[in-house]
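Here is a short report on one protein chain and the molecule it holds. Keep the structure open while you read.

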Amino acid sequence: MSDCLFCKIAAGEIPSDKVYEDEVCLAFKDIDPQAPLHFLVVPKTHIGSVAEVSADNSAVVAHMLTVIAKVARELGAESYRVVSNVGEQAGQSVPHLHFHVLSGRDMTWPPG
Ligand code: 5GP
Ligand code: ZN
C-alpha cells in the first residue's frame, strides 16, 4: 500500500533499527519503546491487522510467529509479551499488521 508507514519501513524506504529481515517479514526496534526490549514484526505485504488474517495469508502470520521466537531467543529474551492491537479502541495507531514484542521488565495483567 503506497501510503502506509510500515509498508515503507518494510520496503526500506524509511529507515529503521532492524533486528531481523527475510523475504516475508521485517523486525525492527519500536521508536518509542515501552520496555527495555521492544521490537515490532511486520509482514512485507500489506495486511491491515489481525482482523484481516485469513486462510490466504495465514502462512505469513505463522512465519512471523516463528521469527518472533527466533529473534527473542537470539536477543536473550526468555520471558516476553507479544501484543497486536486491533482497531482504535485497542490502541492500534498504525494500520499495518504488527506484533509488538516486549521484554525486560515486570508486566501486569490485565493490560491497560
Ligand atoms: P500500535 O499503536 O499500532 O499498536 O503500534 C504502533 C507502534 O509503532 C508504536 O509502538 C509506535 O511507537 C511505533 N512506531 C510508529 N512510528 C514508527 C516509526 O516511524 N518507526 C518505528 N521504529 N516505530 C514506529
Ligand atoms: Zn502497509
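## The pocket

A pocket is an open set of grid points with protein on both sides within 12 Å along at least five of seven lines, worked out on a 1 Å grid over the protein atoms alone. A molecule sits in a pocket if more than half of its atoms lie within 2 Å of the pocket's grid points. Keep in mind that this is a predicted model.

Now look for ligand 1. The space that ligand 1 takes up is the largest pocket.

## The shell around ligand 1

How many residues surround ligand 1? The shell holds 16 residues, and the closest are D30, N85, S93, H98 and H100. Sorted by class, the shell has 7 nonpolar, 6 polar and 3 charged residues.

Where do these residues come from? Helix 1, residues 5-10, supplies at least two of them, and so does strand 2, residues 25-29. Helix 1 gives the largest share of the shell, with 3 residues.

## Polar atoms at the ligand

Three short distances are worth finding on screen. A nitrogen atom of ligand 1 is 2.9 Å from a polar backbone atom of K29. An oxygen atom of ligand 1 is 3.1 Å from a polar backbone atom of V94. At H100 the partner is in the side chain: an N or O atom there is 2.8 Å from an oxygen atom of ligand 1.

How much of ligand 1 does the protein cover? On its own, ligand 1 has 520 Å² of accessible area, and the protein covers 82% of this.

## The loop between strands 4 and 5

Next, turn to the loop that links strand 4 (80-83) to strand 5 (99-103); H96 is found there. Is H96 buried or exposed? H96 has 0% relative accessibility, so it counts as buried. Its side chain makes a polar contact with the side chain of H46, at 3.3 Å.

H98 has its place in the loop between strand 4 and strand 5. H98 counts as buried because its relative accessibility is 5%. The side chain of H98 reaches the backbone oxygen of H96 at 2.5 Å. H98 is also among the closest residues to ligand 1.

V86 is placed in the loop between strand 4 and strand 5. At 36% relative accessibility, V86 counts as partly exposed, because that class runs between 20% and 50%. V86 and V50 are 36 residues apart in sequence. In space, their C-alpha atoms are 6.5 Å apart.

## Two helices

F6 is found in helix 1. Its relative accessibility is 6%, so F6 counts as buried. The C-alpha atoms of F6 and T45 are separated by 9.7 Å, and the two residues are 39 residues apart along the chain.

Helix 2 covers residues 58-74 and includes K70. K70 counts as partly exposed because its relative accessibility is 29%. What separates the C-alpha atoms of K70 and Y20 in space? The distance is 9.6 Å, for residues 50 apart along the chain.

## A cis peptide bond

Finish at the segment after strand 5, where P110 is found. Most peptide bonds are trans. The bond that joins W109 and P110 is cis, with omega at about 5 degrees.

Conventions:
Residues numbered from 1 in each chain as written. Chains lettered and ligands numbered in written order. Predicted model: local features only at pLDDT ≥ 70, side-chain atom pairs only at ≥ 80, totals over all residues. Heavy atoms only, no water. Near = heavy atom within 4 Å. Polar contact = N/O pair within 3.5 Å; in protein donor to acceptor, adjacent residues only side chain to side chain. Areas by Shrake-Rupley, 256 points an atom, 1.4 Å probe, with all protein chains shown as cover. 1 Å grid on protein atoms, 1.4 Å probe; cavity = no way out; pocket = protein on both sides within 12 Å on 5 of 7 lines; lining within 4 Å. Helix = DSSP H or I, 4+ residues; strand = E, 2+ residues; numbered from the N terminus. Nonpolar A, V, L, I, M, F, W, Y, C, P; charged D, E, K, R; others polar. Buried < 20%, exposed > 50% of the residue type's maximum accessible area, 1.4 Å probe, protein only.
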